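User: Got a model open here. Can you walk me through it?
Analyst: Sure, here it is.
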Amino acid sequence: MTSKIIGVGNYIPPETITNLFFDQHHFINKNGESLKEPNDIIARKLKEITGIEERRYASENQVTSDLGLIAAQRAIENSKIDPETLDYIIFAHNFGDVRSGTVQSDSVPSLASRVKHLLKIKNNFCVAYDVLFGCPGWIEGVIQANAFIRSGIAKRCLVIGAETLSRVVDIHDRDSMIYADGAGAAILEASDDDSGIQSHLSASYTLNEKDFLFFGKSYNNESCPDTKYIKMDGRKIYEFALVNVADAMKKCMDASGYTIDQLDKIIIHQANEKMDEAIVKRFYQLYDLPMPENIMPMVISKLGNSSVATIPTLLTMILDGELPSHEIKKGDVVLFASVGAGMNINSFVYKF
């Protein structure tokens, strides 16, 4: 017995932020020095490196749990289940609810508890908790739900991934242009056929890699001396991900019992288009094969990097037929993979 996805949903916030939004930003390097290049050149290079042209921001009156609630409601509607039958609600995020115009994170009670309350679920034995695992949080939630189901602890689980990264970025750091807001969710239940999760893998690299992504001070020490924001060492992350994510994907693929020629799609965390392409190319090189065309759907150009939300958002779009060049059919084998703060990596192979 394993677990299969019986419903999906996402929420893509309404506010579209183009690269022109950053035209008047004052970008500074980590030494507090103004960047010499004009902002239009910085934006053009961002597009060349990451593929990002636009990203979505939540409305001012929304917080992360609001986004997660909408995605959860849509997944429940898509699955046609009674929410009272849920055994677990697992909410992956990293920064809690951060209200617009503030800098304080609110994670008590858990965001999962807030969603359960708003869904008006009366079942006290539907357990609600949060997962903080960096960008791979949603996949980790799916892996945990699968473990609960396979062990007999649960029969049905809701896994949500949502984030409002626009609330925790340093406006003086050009890396802030990468981040976005969004939410995605899926419902899993026990499966007694050959569909569902076939294999999975998780890893945490902390000895030397712990601070590749971290919370740090603004590059503008004068205006923001005490507030901390999401920071990253992009070069180190790229080098780390290129080797370790591809290796983890191969290990997970090999454990699934399927061969590489049976793989139909790779749904990878939408972090950086060039980095994701390099990871997938290296993954195929490990099998002495070229990267197939149309194997890796990408929506980062329009949606940016919404952390835990990227994979369930993309999965929902494909299953809803919103990407004409990509489809997932019954019997297709799909490899999911992510990398992020921790540094954490995870993956699972799924047969639809």
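Analyst: One term before the sheet: two strands pair if DSSP finds at least two bridges between them. And note that this is a predicted model.
User: OK. In what order do the strands of the open sheet run?
Analyst: The order is S8-S13-S12-S11, 4 strands with mixed pairing.
User: Which are the edge strands?
Analyst: Strand S8 (196–204) and strand S11 (263–268). Each pairs on one side only. The twist from one strand to the next averages 15 degrees.
User: How many bridges join S8 to S13?
Analyst: There are 8, and S8 and S13 (residues 344–351) run antiparallel. As one pair, Ala203 has Ile345 in S13 as its bridge partner.
User: What packs on that sheet?
Analyst: Helix H6 (residues 273–285) does, touching S11 and strand S12 (333–340). The direction of H6 makes about 145 degrees with that of S11. Helix H8 (residues 310–319) also packs there, touching S11 and S12. For H8 the angle with S11 is about 140 degrees.
User: Any UniProt domain?
Analyst: An unreviewed UniProt entry lists residues 253–351 as "domain: Beta-ketoacyl-[acyl-carrier-protein] synthase III C-terminal". That span is 30% helix and 22% strand. Its end C-alpha atoms lie 12 Å apart.
User: Switching to H3. Which residues are buried there?
Analyst: In H3 (residues 111–118), Leu111, Ala112, Arg114, Val115 and Lys116 are buried.
User: What do the buried residues of H3 pack against?
Analyst: Helix H2 (64–79), plus strands S4 (88–92), S5 (127–131) and S6 (156–164).
User: And after H3?
Analyst: Lys120 follows, with a positive phi near 60 degrees.

Methods. Residues are numbered from 1 along each chain as its sequence is written. This is a predicted model: local features need pLDDT of at least 70, side-chain atom pairs count only at pLDDT 80 or more; totals for chains, interfaces and linings use all residues. Side-chain values use heavy atoms; hydrogens and water are left out. Buried means under 20% relative accessible area, exposed over 50%, partly exposed in between (1.4 Å probe, protein chains only). Helices (H or I, at least four residues) and strands (E, at least two) are DSSP runs, numbered from the N terminus. Contact means heavy atoms within 4.5 Å. UniProt positions are given in the numbering used here, feature names are shortened, and annotations may be inferred rather than shown by experiment. Axes are lines fitted to C-alpha atoms, for helices over the stretch in contact, and angles run from 0 to 180 degrees between N-to-C directions.
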